[in-house]
Amino acid sequence: MERYLVVANQTLAADALLGEIRRRAEEKRCSFHVVVPATHPHEQLLYTEGGARAVASRRLEEVLAWLSGHGVDVDGEVGDARPLDAIRDALRGGSYQGIIVSTLPPGLSRWIKQDLPNRVTRAFGIPVHHVIGVRWTAPLHS
């Protein structure tokens with residue numbers, strides 16, 4: 001069974017990412033490990049590491065429940081605030097056929113400004129699929 005690493009935070013509930021995961025799950029038997037880097041939320045002027053982890057954890061729990069409810073074989077974890085380090089840590093714990101990185105659109109995304117999708121490809125040599133989504137806004141519904 002193929003296994004994919006999914007990396008997202010603010011776009012975790014974006015239709016583009018959820019659609020990509022469901023499409024892959026329907027095409028062939030595969031599983032997903034979702035990593036949510038505990039980056040500080042844009043909407044919070046003041047934040048703490050604990051607060052950022054709490055936001056990431058809530059997002060992760062909700063998306064795992066939603067995906068599981070749609071028949072997707074998925075698990076996940078909250079990762080390091082630095083997305084490249086979060087990916088590196090996840091790769092130590094498993095083998096993946098590909099990495100799906102979900103970002104905000106250019107101009108809004110810190111991850112694109114940091115060239116994260118290309119840096120991940122160069123650092124780990126695993127195929128990377130970049131998905132662009134919208135910011136997390138509300139709880140998921142069926």
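Select helix α3 and display what surrounds its buried residues: the cover includes β1, β2, β3, β4, α4 and α5. The model on screen is a predicted one. The residues to colour in α3 are P83, L84, A86, I87, A90 and L91, which are the buried residues of this helix. Turn the view until it looks down the axis of α3; these residues then fall within an arc of 160 degrees, so they line one face of the helix. As background, an α-helix has 3.6 residues a turn, so residues three or four places apart point the same way.

**From α3 to α5**

Keep α3 (residues 83-92) on screen and add helix α5 (residues 116-124). The two helices pack at an angle of about 35 degrees, and their axes are 11 Å apart. Their crossing is right-handed. To see the contact itself, show side chains for P83, L84, I87, R88 and L91 of α3, together with L116, R119, V120 and F124 of α5. By character, the residues of this contact comprise seven nonpolar, no polar and two charged.

Now remain with α5 alone. Which of its residues are buried? They are L116, P117 and V120. Around the helix axis they cover an arc of only 105 degrees, which puts them on the same side of α5. To find what they meet, select α3, β4, α4 (110-113) and β5, against which the buried residues of α5 pack.

**The two ends of α5**

Move to the loop between α4 and α5 and select D115. Its phi is positive, about 60 degrees, although D115 is not a glycine. For comparison, most residues other than glycine have a negative phi. D115 is partly exposed, its relative accessible area being 29%. Just after α5, select G125, which has a positive phi of about 65 degrees.

**The sheet**

Hide the side chains and show the strands. Five of them form an open sheet, in the order β3-β2-β1-β4-β5, and the pairing is parallel. At the edges stand β3 (73-79) and β5 (128-132), each pairing on one side only. On average, neighbouring strands of the sheet are turned by 20 degrees against each other, with direction ignored.

Next, select helix α1 (residues 15-27), which packs on the sheet and touches β1 (2-7), β2 (30-37), β4 and β5. The direction of α1 makes about 140 degrees with that of β5. Return briefly to α5, which lies across β4 and β5 and runs at about 170 degrees to β5.

For a view of strand pairing, select strand β4 (residues 98-103) along with β5: the two run parallel and are joined by five bridges. Pick I99 and look across to β5, where its bridge partner is V128.

**Two residues within the strands**

Select L5, which lies in strand β1. Is L5 buried or exposed? L5 is buried, with a relative accessible area of 0%. Leaving aside residues up to four places away in sequence, L5 touches H33, V35, I87, A90, L91, Y96, G98, I99 and I100. Among these neighbours, I87, A90 and L91 also belong to the buried residues of α3. Draw a distance between the C-alpha atoms of L5 and G98: these atoms are separated by 6.4 Å, while the two residues are 93 residues apart along the chain.

Then select S31, in strand β2. S31 is buried too, at a relative accessible area of 5%. Its contacts, again leaving aside residues up to four places away in sequence, are with M1, E2, R3, Y4 and D73.

**The whole chain**

Finally, restore the full cartoon. The secondary structure comes to five helices and five strands. Followed along the sequence, these elements give the pattern β-α-β-α-β-α-β-α-α-β. Colour the chain by accessibility: of its 142 residues, 46% are buried. Among contacts between residues at least 6 apart in sequence, 77% join residues at least 24 apart. The L5 and G98 pair, 93 residues apart along the chain, can be kept on display beside this view.

Technical notes
Residues numbered from 1 in each chain as written. Predicted model: local features only at pLDDT ≥ 70, side-chain atom pairs only at ≥ 80, totals over all residues. Heavy atoms only, no water. Axes fitted to C-alpha atoms, helices over the stretch in contact; angles between N-to-C directions. Helix = DSSP H or I, 4+ residues; strand = E, 2+ residues; numbered from the N terminus. Left-handed = near helix turned anticlockwise from the far one by under 90°. Contact = heavy atoms within 4.5 Å. Nonpolar A, V, L, I, M, F, W, Y, C, P; charged D, E, K, R; others polar. Pairing = 2+ DSSP bridges. Buried < 20%, exposed > 50% of the residue type's maximum accessible area, 1.4 Å probe, protein only. Arc of directions from axis to C-beta.
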